[in-house]
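Here's a quick tour of some side chains and how they sit together. Have the sequence and the 3D view open as you read.

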Amino acid sequence: MTATPFDAKTEFDRQVDRLVQLGYPALAGLPESAFRDLVAPLRARAIDGADGLSTPTDARVPFLLVITRDLVGVQERLELTTLAGKRKPGVLDRHYAEDDLLRFDPIKELEVPAGPAYLLFDVDRGEEFRNLAPATAMEGITAQGRLPLTIDEGLAFVTLHPAALASNRCFSLVGSRCGDKRVPALWISQGAPKLGWCWYGNPHTWLGSASAHPVRVGLG
């Protein structure tokens with residue numbers, strides 16, 4: 001089946017515009033022009049990397065511009081997420097201890113580019129892995145030649161495509177771990193996105209495991 005083409009240039013510009021509208025430059029301590037200049041080198045890489053990929057849907061998108069915690073903190077970005085058509089800001093689950101988020105790093109298999117921003121391609125919320133423990137989902141993801149999403153990547157997904165997070169279509173972020181059995185996840189609570197965690201060995205009927213193409217493209 002041939003993929004439906006889409007305008008990657010327009011999509012990249014839309015993503016940058018959304019981040020600017022949400023106030024990312026100010027949170028990063030940058031003028032708007034400097035923020036745009038920072039991510040501009042990724043535009044051509046997005047166009048090349050998206051070649052042959054399909055138009056974005058609620059469940060799967062061709063690429064994401066990922067802003068990392070090196071530029072804007074996790075909680076600040078979380079509070080700028082909303083559900084599609086809603087206004088309530090995202091919240092952090094109370095079961096995260098103070099400074100807990102800083103302990104969650106990308107797993108070594110991901111080879112996440114260093115720096116403040118990078119591109120992630122062919123991103124899927126992984127609803128086929130609903131009701132499977134993250135440990136089992138990880139086996140399925142790697143068998144597909146893909147890798148799981150991190151916290152930064154999950155926040156980018158919901159920020160840039162709010163419809164990706166929906167009732168019974170929430171997702172774990174198995175690409176971020178802190179050395180114990182917890183797995184971060186994004187789900188819905190009281191009409192807003194919530195960043196919580198679940199156990200690596202526990203399944204949930206409403207929780208899949210998001211994944212993407214294994215190659216991340218950085219600014220370098």
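Six aromatic pairs turn up when the whole of this predicted model is searched. Take F6 and F63: their ring centres are 6.4 Å apart. Why does this pair count as tilted? Well, the planes of F6 and F63 meet at 35°, and tilted covers whatever is neither under 30 degrees (stacked) nor over 60 (edge-to-face). The pair also ties together distant parts of the chain, because F6 belongs to the segment before α1 while F63 is in strand β1, 57 residues apart. F63 is buried, at 0% relative accessibility. Add F121 to F6 and F63, and you have one aromatic cluster.

Rings can have charges over them too. Here are two arginines whose charged ends do just that:

| Charged end | Ring below | Distance to ring centre |
|---|---|---|
| R177 | Y200 | 4.4 Å |
| R182 | W197 | 5.4 Å |

Now for D124, which lies in strand β4 (residues 117–124). Is D124 buried or exposed? It's buried, with a relative accessible area of 11%. Its side chain makes a polar contact of 3.3 Å with that of R60. Beyond its neighbours within four places in sequence, D124 touches several residues, including A59, R146 and F157.

What about disulfides? The whole structure has zero of them. For C170, the nearest cysteine sulfur is that of C198, 11 Å away. A disulfide needs the two sulfurs within 2.5 Å, so C170 is in no disulfide. C198 is in no disulfide either. Both cysteines are buried: C170 has 4% relative accessibility, and C198 has a relative accessible area of 6%.

Note on methods. Residues are numbered from 1 along each chain as its sequence is written. This is a predicted model: local features need pLDDT of at least 70, side-chain atom pairs count only at pLDDT 80 or more; totals for chains, interfaces and linings use all residues. Side-chain values use heavy atoms; hydrogens and water are left out. Buried means under 20% relative accessible area, exposed over 50%, partly exposed in between (1.4 Å probe, protein chains only). Helices (H or I, at least four residues) and strands (E, at least two) are DSSP runs, numbered from the N terminus. A polar contact is a pair of N or O atoms within 3.5 Å; within protein, one must be able to donate a hydrogen and the other to accept it, and residues adjacent in sequence count only if both atoms are side-chain atoms. Contact means heavy atoms within 4.5 Å. Rings of Phe, Tyr and Trp (its six-membered ring) pair if their centres lie within 6.5 Å; planes under 30 degrees apart count as stacked, over 60 as edge-to-face and the rest as tilted. A charge sits over a ring if NZ of Lys or CZ of Arg is within 6 Å of the ring centre and within 35 degrees of the ring normal.
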